Amino acid sequence: MANADSLPEPVMKVAAISGSLRKSSFNRGLLRSAVEIAKEIIPHMEIEILEIGHLPFVNTDLEVDNSFPPSVEELRAKVLQADCILFASPEYNYSVTGPLKNAIDWASRPPNVWADKPAAIMSAGGGFGGGLAQYHLRQIGVFLNLHFINKPELRVRAFELPAKFDGDGNLVDDKVKEQVKELLLSLSAFTRRIQNRVVLS
Ligand SMILES: Cc1cc2nc3c(=O)[nH]c(=O)nc-3n(C[C@H](O)[C@H](O)[C@H](O)COP(=O)(O)O)c2cc1C
């Protein structure tokens with residue numbers, strides 16, 4: 001007879017969002033790498049990358065009869081259905097990018113679909129590897145009631161040699177890939193804890 005240990009892990013839906021819209025973006029590359037790693041090593045995690053570049057700017061005049069523009073409705077539905085969130089964002093002028101903040105704000109409109117979701121952040125950028133954007137995102141997450149994992153921290157200094165990404169923004173560095181794997185495992189474990197499916201010893 002099957003016991004709990006032999007049952008396959010239930011699917012965990014991860015909504016992944018890049019703060020950079022650039023085709024060869026390093027941060028988009030981090031997300032693509034996360035998708036590949038999950039497929040290979042953490043098969044219960046299904047990571048879907050959500051696009052945010054086509055969203056209109058937040059403008060509450062676009063909210064009619066408690067509904068949102070179609071692209072916003074789609075984003076909100078995907079976030080709502082997700083078990084947890086994975087952000088990858090560069091640092092723009094010591095903060096998150098405008099497109100990411102715009103997407104966050106749309107999905108925060110009542111009812112706030114971020115509420116109570118576990119989340120993780122990774123970033124690739126300049127000297128601090130996008131760290132200041134991470135801290136601003138954590139601050140934004142307080143009001144959204146997102147629950148960020150604290151460890152491991154994943155910041156990639158994208159402009160230091162040896163190159164971590166190829167010309168198309170694909171992650172090519174094995175050490176960073178290992179860090180992405182550890183981040184995903186931590187997010188998975190934390191999500192299960194929040195969902196009360198694991199009893200802490
Ligand atoms: C408007 C703008 C502001 C930026 N500000 C910062 C910054 O404050 N800190 C930093 O490390 N890099 C900064 N950068 C550089 C980005 O980290 C770099 O372009 C990075 O590659 C962007 O990520 P991406 O490859 O995912 O697009 C800035 C870039 C732009 C376009």
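Which residue in E3 is the bridge partner of Ile17? It is Phe87. Keep that pair in view while we walk through the sheet. One caution before we go on: this is a predicted model.

Let's start with strand E1, residues 12-18. Six of its seven residues are buried, so E1 is largely enclosed by the rest of the structure. E1 has two neighbours to discuss here, E2 and E3. With E3, residues 84-88, the pairing is parallel and runs over five bridges. With E2, residues 45-50, the strands are again parallel, and six bridges join them. On that side, Met12 has Met45 as its bridge partner.

How does the chain get from E1 to E2? Through helix H1, residues 26-41. E1, H1 and E2 form a β-α-β unit, and its hand is right-handed.

Now the other direction, to E4. E3 and E4 run parallel, with four bridges between them. Ala88 pairs with Met122 of E4. The connection passes through helix H3, residues 98-108, and this β-α-β crossover is right-handed too.

E4 deserves a moment. Eight of its eight residues are buried, so E4 is largely enclosed by the rest of the structure. In a regular strand, side chains alternate between the two faces of the sheet. Look at E4 with that in mind. Pro118, Ala120, Met122 and Ala124 point one way. Ala119, Ile121, Ser123 and Gly125 point the other way. Both sets are buried.

E4 also pairs with E5 and E6. Two bridges join E4 to E5, residues 147-148, in parallel. There, Pro118 sits opposite His147. E4 and E6 are parallel as well, over four bridges. Ala124 of E4 faces Val156 of E6.

On to the packing. In soluble globular proteins, nonpolar side chains tend to be buried together. Here the largest nonpolar core has 30 residues. Which of them touch the most other members? Leu30, Leu86, Met122, Val180 and Leu184. At least two residues of this core come from each of E1, H1, E2, E3, E4, E6 and H5. H1 contributes the most, seven residues.

Take Leu30 as a way in. Leaving out residues up to four places away in sequence, Leu30 touches Met122, Ser123, Ala124, Val156, Phe165, Leu171, Val176 and Val180. There is also a second, separate core, with 28 residues. Its members include Leu75, Ala107, Val113 and Leu137.

Two helices next. H1 has 16 residues and spans 22 Å from first C-alpha to last, close to the 22 Å expected. Its buried residues include Phe26, Leu30, Leu31, Val35 and Ile37. Polar names are on that list as well, among them Asn27, Arg28 and Ser33. The cover over the buried residues of H1 includes E1, E2, E3, E4, E6 and H5.

H5, residues 174-194, has 21 residues. Its span is 30 Å, close to the 30 Å expected. Val176, Val180, Leu184 and Leu187 are among its buried residues, and so are Lys181 and Arg192. Seen down the axis, the buried residues of H5 fall within an arc of 165 degrees, so they line one face of the helix. That buried set packs against E1, H1, E2, E3, E4 and E6. Turned away from the buried side are Asp174 and Lys175, both exposed.

Last, some backbone details. Where are the cis peptide bonds? One joins Pro110 and Pro111, with omega about -10 degrees. Pro111 is in the loop between H3 and E4. Another joins Lys151 and Pro152, with omega about -5 degrees. Pro152 is in the loop between E5 and E6.

Then positive phi. Asn66 has a phi of about 60 degrees, and it is not a glycine. It lies in the loop between E2 and H2. Asn66 is exposed, at 79% relative accessible area. Asn145 has a phi of about 65 degrees, and is not a glycine either. Asn145 is in the loop between H4 and E5. Is Asn145 buried or partly exposed? At 36% relative accessibility, it counts as partly exposed.

Beside Asn66, in that E2 to H2 loop, is Asp65. It counts as exposed, at 73% relative accessibility. Its C-alpha is 36 Å from that of Leu187 in H5, and 122 residues separate the two along the chain.

Technical notes. Residues numbered from 1 in each chain as written. Predicted model: local features only at pLDDT ≥ 70, side-chain atom pairs only at ≥ 80, totals over all residues. Heavy atoms only, no water. Buried < 20%, exposed > 50% of the residue type's maximum accessible area, 1.4 Å probe, protein only. Pairing = 2+ DSSP bridges. Right-handed = clockwise from strand over helix to strand, strands pointing away. Core = buried A, V, L, I, M, F, W, Y, C linked by side-chain atoms within 4.5 Å. Contact = heavy atoms within 4.5 Å. Expected span 1.5 Å × (residues − 1). Arc of directions from axis to C-beta.
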